[in-house]
Amino acid sequence: MTAPSNTGTESVRTSYKVRASELVGRNWLNTGGKQLSLEDLRGKITILDFWTFCCINCLHVLDELRPLEAKYSDVLVTVGVHSPKFEYEADPVALAAAVERYEIHHPVLDDPELVTWQAYAARAWPTLVVVDPEGYIVAHLSGEGHASGMESLIEELIAEHTEKGTLHRGDGPYVAPPAREGDLRFPGKAVALENGNFLVGDSGHHRIVELGNDLTTVVRTFGSGVKGFADGDAETAQFNEPQGLTLLPAKLAASLGYHVVVADTVNHRLRSLNLETGAVGTLAGNGVQRLLDAEQARTAADNADADAWISDLGNDPLNTSLSSPWDVLWSEKANAVVIAMAGTHQIFSFDPSSLALRVFAGTGLEGLADGKPGESWFAQSSGLASDAQGNIWVADSETSALRRLVLAEDGSVEAVESAIGAGLFDFGFRDGAADQARLQHPLGVAVLPDGSVAIADTYNGAVRRYDPATATVSTLARGLNEPADVQLDDTVDGEPVLLVVETNNHQLVRLPLPAEALVVDEGAAQTQRPKTKVTAGAHELTVRFSAPKGQKLDDRWGDPTQLKISSSPEELLLGGGGTSTGLKRTLQLNPEISEGVLHITARAAACDGEPGGEIPDHAACHLYQQDWGIPVILDAEGETELVLDLRGMD
């Protein structure tokens with residue numbers, strides 16, 4: 001297929017006038033109780049950020065927008081349109097907590113019925129829509145990584161509407177909510193210390209806390225409590241929403257000079273912590289969010305050739321980009337720190353002695369696929385635990401799945417297996433046979449003394465149990481408020497109990513293991529989004545893409561674009577599935593299937609350089625990727641073409 005032309009950032013702007021639709025939802029947050037309308041935003045440049053709080057890509061966009069909001073505070077208003085993926089995210093109390101947790105300093109529209117989502121033809125999280133001061137849509141973008149192009153567009157709009165007299169400068173409609181008090185603020189993960197205390201990632205306070213065995217006494221803190229990045233002592237070091245922590249073996253820690261590895265999530269780094277001196281350092285990550293480079297993307301996407309999979313990232317970790325490391329685990333069998341790299345949907349490993357960084361498993365494609373490490377797909381993995389055999393259990397949050405990395409004798413990943421989970425859009429609260437059981441966005445996992453696995457089933461507010469011996473699922477506890485981590489705690493009279501990090505109640509709690517687990521069946525569900533009516537037979541799919549200003553498509557090795565397409569159920573697609581180059585594809589839809597979901601992943605590789613020119617030596621290269629799950633229903637009067645935007649609209 002012919003690759004799309006590289007027309008630059010200008011093509012992000014629409015070539016025709018489209019009036020923005022009214023903003024309709026259940027309520028507004030961060031406005032001091034005022035219900036906003038488009039008329040209230042007239043005269044401002046407005047960015048509509050369609051997001052959902054489970055989505056790591058959406059969280060990345062929140063951080064990408066912060067510098068733009070600060071720089072253009074007198075002319076730019078960001079409006080978050082929260083359109084939930086999971087059932088739990090439609091809870092207004094949970095949404096308010098997420099807005100507070102992620103320190104969102106702009107108005108947020110609660111859109112639980114996806115009314116505004118539909119009005120703006122959003123099809124993926126995140127989606128960005130730019131509205132000019134006169135109320136017209138000027139850009140429509142999917143995915144993340146658009147900050148540079150957005151800044152250029154904002155500058156154009158400022159110049160244009162200053163000249164026209166339609167730009168109004170001054171404060172926007174944001175009203176800050178009251179600040180929360182307390183020793184912990186949205187804690188994420190915890191790890192037991194040898195002295196009986198617990199080390200906690202106090203994510204909302206951007207620090208690490210040593211909590212006494214009573215779970216209330218703050219013994220020590222590490223980090224200033226101010227969001228940022230800085231190495232130093234316990235008082236001056238800075239973190240940014242730290243999550244996972246792992247203790248190193250005593251002998252190794254003595255040789256390295258630090259005891260704990262911290263997943264400093266929003267800083268995209270691994271940090272070190274010396275528990276004796278309080279010193280904080282940096283082990284890996286340069287602070288730049290990682291995207292697969294173009295060459296690795298081409299290799300990793302060829303799932304039929306797992307031997308060609310590139311996994312070695314070298315021995316220069318401080319100059320290597322990471323992406324939202326969410327949990328870390330010292331693995332004796334791998335002799336390395338294993339990392340749940342949520343932002344790239346992969347599992348990494350880091351050898352603190354040799355400084356070697358590797359992709360441990362996962363192609364970087366988002367979804368649920370088992371097999372060899374170079375064939376497997378993950379989706380925002382967020383929790384790790386090791387069992388007696390040295391295998392590693394993974395809470396794979398966006399697929400609501402429990403996965404297992406089977407390790408070979410040499411510590412490498414032999415296979416990836418799924419114990420619970422059906423796909424990106426399948427969730428629920430169902431116990432029983434594991435192949436029919438459902439979770440809802442789990443974030444934590446722990447191995448119990450009998451070899452079963454406890455799961456922090458976050459959006460169900462529960463702790464679940466998977467028994468590998470019987471391949472069944474049960475419920476150990478429920479009624480929790482976003483449990484994000486679960487650990488085995490045997491410090492109470494020698495009896496094992498569960499230690500749960502209850503994020504939205506800002507506390508750690510102990511729960512005794514029940515003599516008999518519950519069996520719950522509240523059903524299985526799928527993400528409910530409007531279904532697109534399509535006709536059976538031939539269906540044309542086009543993904544539009546244009547590289548941002550200062551970049552050109554990387555065509556040095558052929559077509560730098562790619563589509564990967566599958567469906568649920570598989571029988572929906574009679575033709576057009578699979579992976580191939582190009583951003584156009586003819587699908588053949590089965591007339592005997594009434595409805596389903598099209599799973600589409602689009603990629604395009606671009607490098608720094610000018611259109612029509614050569615790519616300079618050592619140019620920075622970038623991979624743009626977006627995943628869609630498009631619910632469709634077959635209808636004789638439906639559409640015969642589907643057009644998606646990887647970047648912009650022509």
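**Exercise 1.** How many bridges join β4 to strand β5 (residues 108–110), and do the two run parallel or antiparallel?

*Solution.* Keep in mind that we're working on a predicted model. Start with the pairing: β4 and β5 are joined by three bridges, and they run parallel. For a landmark, look at Gly 80, which stands opposite Val 108 in β5. Then trace the connection: after β4 the chain passes through helix α3 (residues 92–101) to reach β5, a right-handed β-α-β crossover.

**Exercise 2.** Work out how strand β3 (residues 45–51) is tied to β4.

*Solution.* Count the bridges: there are seven, and this pair runs parallel too. One spot to check is Ile 45, whose bridge partner in β4 is Leu 76. Now add helix α2 (residues 56–71): together with β3 and β4, it makes a right-handed β-α-β unit.

**Exercise 3.** Decide whether β4 (residues 76–82) is enclosed or open, and explain why.

*Solution.* Take one side at a time. On one face, Leu 76, Thr 78, Gly 80 and His 82 are buried. On the other, Val 77, Val 79 and Val 81 are buried as well. Buried here means under 20% relative accessible area. That's seven of seven residues, so β4 is largely enclosed by the rest of the structure.

**Exercise 4.** Describe the second largest pocket and its lining.

*Solution.* Its volume is about 950 Å³. Of the 34 lining residues, those closest to the centre are Val 191, Ala 192, Leu 193, Thr 246 and Leu 247. Elements giving two or more residues include β8 (190–192), β12 (242–247) and α6 (250–256). Sorted by class, the lining has 21 nonpolar, six polar and seven charged residues.

Notes:
Residues are numbered from 1 along each chain as its sequence is written. This is a predicted model: local features need pLDDT of at least 70, side-chain atom pairs count only at pLDDT 80 or more; totals for chains, interfaces and linings use all residues. Side-chain values use heavy atoms; hydrogens and water are left out. Buried means under 20% relative accessible area, exposed over 50%, partly exposed in between (1.4 Å probe, protein chains only). Helices (H or I, at least four residues) and strands (E, at least two) are DSSP runs, numbered from the N terminus. Two strands pair if DSSP finds at least two bridges between them. A crossover is right-handed if, with the strands pointing away from the viewer, the path from the first strand over the helix to the second runs clockwise. On a 1 Å grid over the protein atoms alone, a cavity is a set of points where a 1.4 Å probe fits but cannot get out, and a pocket is an open set with protein on both sides within 12 Å along at least five of seven lines; lining residues have an atom within 4 Å of a point. Grid points are joined across faces, edges and corners, and a volume is the space filled by probe spheres set on the points. Ala, Val, Leu, Ile, Met, Phe, Trp, Tyr, Cys and Pro count as nonpolar, Asp, Glu, Lys and Arg as charged, and the others, Gly among them, as polar.
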